[in-house]
Amino acid sequence: MDMFVLNLVTKSMKGVLSKLFRGALKKKFGCDMDIQINSIKATNENGKIRLKADVEAETTTDEFFKLIKKAGLN
């Protein structure tokens, strides 16, 4: 049984990932959002990757509805 666990808890790594996610949201949906990653855990077991994330995000009401509209969730 193959098992791989990656637990991202360092402040610098969480900061880098937050910037990447923020940039991806800006590029894909044109929305500005403050993102704080508290923890991310990735496990690979039997050929499947499972992600667990504790993430907080903050944006304005206008930006939120713009994101919802562009994602086709309205």
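**Group meeting: a walk through a predicted model**

Let me begin with a single contact, the salt bridge in which the side chains of K26 and D32 meet, with 3.3 Å from N to O; by salt bridge I mean a side-chain nitrogen of Lys or Arg within 4 Å of a carboxyl oxygen of Asp or Glu. Before going further, I should say that this is a predicted model, in which local features need pLDDT of at least 70 and side-chain atom pairs count only at pLDDT 80 or more, while totals for chains, interfaces and linings use all residues. Residues are numbered from 1 along each chain as its sequence is written, and side-chain values use heavy atoms, with hydrogens and water left out.

How exposed are the two partners of that first salt bridge? K26 is partly exposed, with a relative accessible area of 40%, and D32 is partly exposed too, with a relative accessible area of 45%; here buried means under 20% relative accessible area, exposed means over 50%, and partly exposed lies in between, using a 1.4 Å probe and protein chains only.

By this rule the count of salt bridges comes to two, and the other one takes us to helix 2, where K66 is joined to E63 with the closest N and O atoms 3.7 Å apart. When I speak of helices and strands I mean DSSP runs, H or I of at least four residues for helices and E of at least two for strands, numbered from the N terminus. K66 and E63 are three residues apart in helix 2, and so they are separated by about one helical turn. As a general point, an α-helix has 3.6 residues a turn, so residues three or four places apart point the same way. The two partners sit in different accessibility classes, since K66 is partly exposed at a relative accessible area of 32%, whereas E63 is buried at 19%.

Let me stay with helix 2, which spans residues 61-70 and whose buried residues are E63, L67 and I68. Seen down the helix axis, these buried residues fall within an arc of 140°, so they line one face of the helix; the arc is that of the directions from the helix axis to the C-beta atoms. On the other side of helix 2, the exposed residues are T61, D62, F65 and K69. What do the buried residues of helix 2 pack against? They pack against helix 1, residues 11-29, where contact means heavy atoms within 4.5 Å. E63 itself, leaving aside its neighbours within four places in sequence, is in contact with G30, C31 and D32, and D32 is the residue that we met at the start as the partner of K26. Just after helix 2, G72 takes a positive phi of about 75°.

Helix 2 brings us to the aromatic residues, for the structure holds one aromatic pair. F64 and F65 form this pair, which is edge-to-face, with 5.7 Å centre to centre and 70° between the planes; rings of Phe, Tyr and Trp (its six-membered ring) pair if their centres lie within 6.5 Å, and planes under 30 degrees apart count as stacked, over 60 as edge-to-face and the rest as tilted. F64 is partly exposed, with a relative accessible area of 38%, while F65 counts as exposed at 52%.

Turning to the interior, which residues make up the largest nonpolar core? There are nine in all, namely L8, L17, F29, C31, M33, I35, I37, I40 and L67, a nonpolar core being a set of buried Ala, Val, Leu, Ile, Met, Phe, Trp, Tyr and Cys residues joined through side-chain atoms within 4.5 Å. Helix 1 and strand 2 are the elements that give two or more residues to this core, and the largest share, three residues, comes from strand 2. M33, one of the core residues, touches R22, L25, A57, E58, T59 and L67, not counting residues up to four places away in sequence.

Finally, strand 2 (residues 34-45) and strand 3 (residues 48-58) run antiparallel and are joined by eleven bridges, where two strands pair if DSSP finds at least two bridges between them. T43, for example, has R50 in strand 3 as its bridge partner. The hairpin of these strands has two residues between them, and N46, which lies in the loop between strand 2 and strand 3, has a phi near 55°, a positive value in a residue other than glycine. N46 is exposed, with a relative accessible area of 54%.
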